Structures are given as structure tokens and as C-alpha cells.
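Hi,

Here is the structure I promised to pass on. Have a look through it first, and then read my notes below.

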Amino acid sequence: MNLLHLDSSARRASFSRELSRIYADSWRAAHPDGGYTYRDLAAAPVPHIDEAWTELCDHVLAHGIIEIDRYREAVRTPAQERAWAILEPLLAEVVAADVILIGTPMYNYSIPSALKAWLDQITFPKMSLEGRSFVVTGARGGAYGPGTPKEAVDHQERYLRDFFAGHFAVSDVTFITAELVNSLIDPGLAHLRDRHLESVARARKEAGR
């Protein structure tokens, strides 16, 4: 078993990082012989895709290449070689993993650009990561769960769930989320701090299982 652990929060001390660390520690304790790879997408950002990457993507699609180990066949120019040099190690880490753990806050109703850049780099048409599972430890300033006033603008959990299913054919996805983080600093949300603390306590427990 191998765990790929990613963090994407711009904050060094963040709830999403804390929860992903708790989960990773628990997983490693349960799998003492398992492999572990860590990547901090905020501290060491992945470059955005460029035109050469889109050419690789087009070649894979046009030639019906669905086997990940054949993507290298799309490289034909020096620019494409440079694009491949960036994405290949990222993709190799994903392929080697049985569980992909992602710590991510909600930024502006969605995910950080650092995480989106990583997703763009590793995602090709009609690829499959079936057999793997994703765990997302998230944090949001407000409340976006079912029945809340802002449920409709949750483009963090819903986006990632749709992305994993639609692009990777993976439905084994677990979300562990701390909500109402802004109640710690926003006077207008101070009355919701108890709900925030309950959310964090619940998330810590779930992450440590």
C-alpha cells in the first residue's frame, strides 16, 4: 500500500493541513510497511500547463491512447519534452499510490489554484485511476453542507467529487471537513464558534480513524 499526501493551503498552520496530517499519521501507523510520498503544492507550486502540454493531450486523444504508461509516446518536440519532464514525476506519484490524500481549503467557493494546477498537469482524456481511493481533508470559512443557505455555491467538495468520478472513474472518495473557520476571526460569525468547534472535533476524530 502506498499513500500520496498533498497539501495546498497557503497557510502553514491551517485546519486542512492539520487534518491531512492526522489522517496521514493514522494511515502510516496502520500500514508500517507502506510507502509514503508528500508534496506541498503551496510551498513548491506546480507550474500551470502550457501549449506544449495541450499538444500532448491532443495527441493522446487523437490516437486513442488510454494507457497511462503510453503517454510518453505523445512527446515529439523539445517543448513537449519540457512539458513531459514536469508532469511525468507528478503522474508517477499518482499511479504508484493506492490512496491519494489531499488537504485543501475552500478559496472563493472553490479550490486553491495550486491544487487546480496539479490536477491540470496529471489529467489526460479518458484516463482511469480505478482501484484507487481519494481522501480530502477540507476547511471552509462558512457552512456549505446540505440544507445550508450556501449549499449551492459549494464548488469545493462537489467539484472534486465530480472531477474524480468524471476524469478518473473513481467514486471511492471520502471528505473530512472543518467548517465555519471564519467564526474565529469574524465578529459577525462569533455566535457560530461552538458549531465550528464541534465541526473540528468531529473532523479530527474522522481523520484519526
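The protein chain has six helices and five strands. Keep in mind that this is a predicted model. Starting at the N terminus, the elements of the protein chain come in the order β-α-β-α-α-β-α-β-α-β-α.

On the overall shape: the C-alpha atoms of the protein chain fit a box of roughly 60 × 40 × 30 Å along the principal axes. The radius of gyration is 18 Å, which agrees with the value near 17 Å that a compact globule of 209 residues would have. Of those 209 residues, 47% count as buried. If you take the contacts with a separation of 6 or more, 76% of them are between residues 24 or more positions apart.

There is also an annotation to know about. UniProt, in an unreviewed entry, lists residues 1–184 as "domain: Flavodoxin-like fold". In the model that span is 38% helix and 17% strand, and its end C-alpha atoms lie 38 Å apart.

I spent most of my time on helix 2, so here is what I found there. Helix 2 covers residues 51–62, which makes 12 residues. From first C-alpha to last, helix 2 reaches 16 Å, close to the 16 Å expected at 1.5 Å a residue. Which of its residues are buried? In helix 2 they are Ala52, Trp53, Leu56, Cys57, His59 and Val60. These buried residues sit on the same side of helix 2, because they cover an arc of only 160 degrees around the axis. Glu51 and Ala62 are exposed, and they are carried on the face turned away from that buried side.

The two ends of helix 2 are worth a look too. At the N-terminal end, Asp50 acts as a cap, with a side-chain oxygen 3.2 Å from the backbone nitrogen of Ala52. Just after helix 2 comes Gly64, with a positive phi of about 65 degrees.

What does the buried side of helix 2 pack against? Its buried residues meet helix 3 (78–96) and helix 4 (113–122).

That brings me to helix 4. Seven of its 10 residues are buried, so helix 4 is largely enclosed by the rest of the structure. The buried residues of helix 4 are Ala114, Leu115, Ala117, Trp118, Leu119, Gln121 and Ile122. They pack against two strands, strand 1 (2–7) and strand 3 (99–105), as well as against helix 2, helix 3 and helix 5 (157–168).

Best wishes

Definitions and conventions
Residues numbered from 1 in each chain as written. Predicted model: local features only at pLDDT ≥ 70, side-chain atom pairs only at ≥ 80, totals over all residues. Heavy atoms only, no water. Helix = DSSP H or I, 4+ residues; strand = E, 2+ residues; numbered from the N terminus. Expected span 1.5 Å × (residues − 1). Buried < 20%, exposed > 50% of the residue type's maximum accessible area, 1.4 Å probe, protein only. Arc of directions from axis to C-beta. Contact = heavy atoms within 4.5 Å. Polar contact = N/O pair within 3.5 Å; in protein donor to acceptor, adjacent residues only side chain to side chain. UniProt positions renumbered as here; feature names shortened; annotations may be inferred. Rg over C-alpha atoms; globule rule 2.2 N^0.38 Å.
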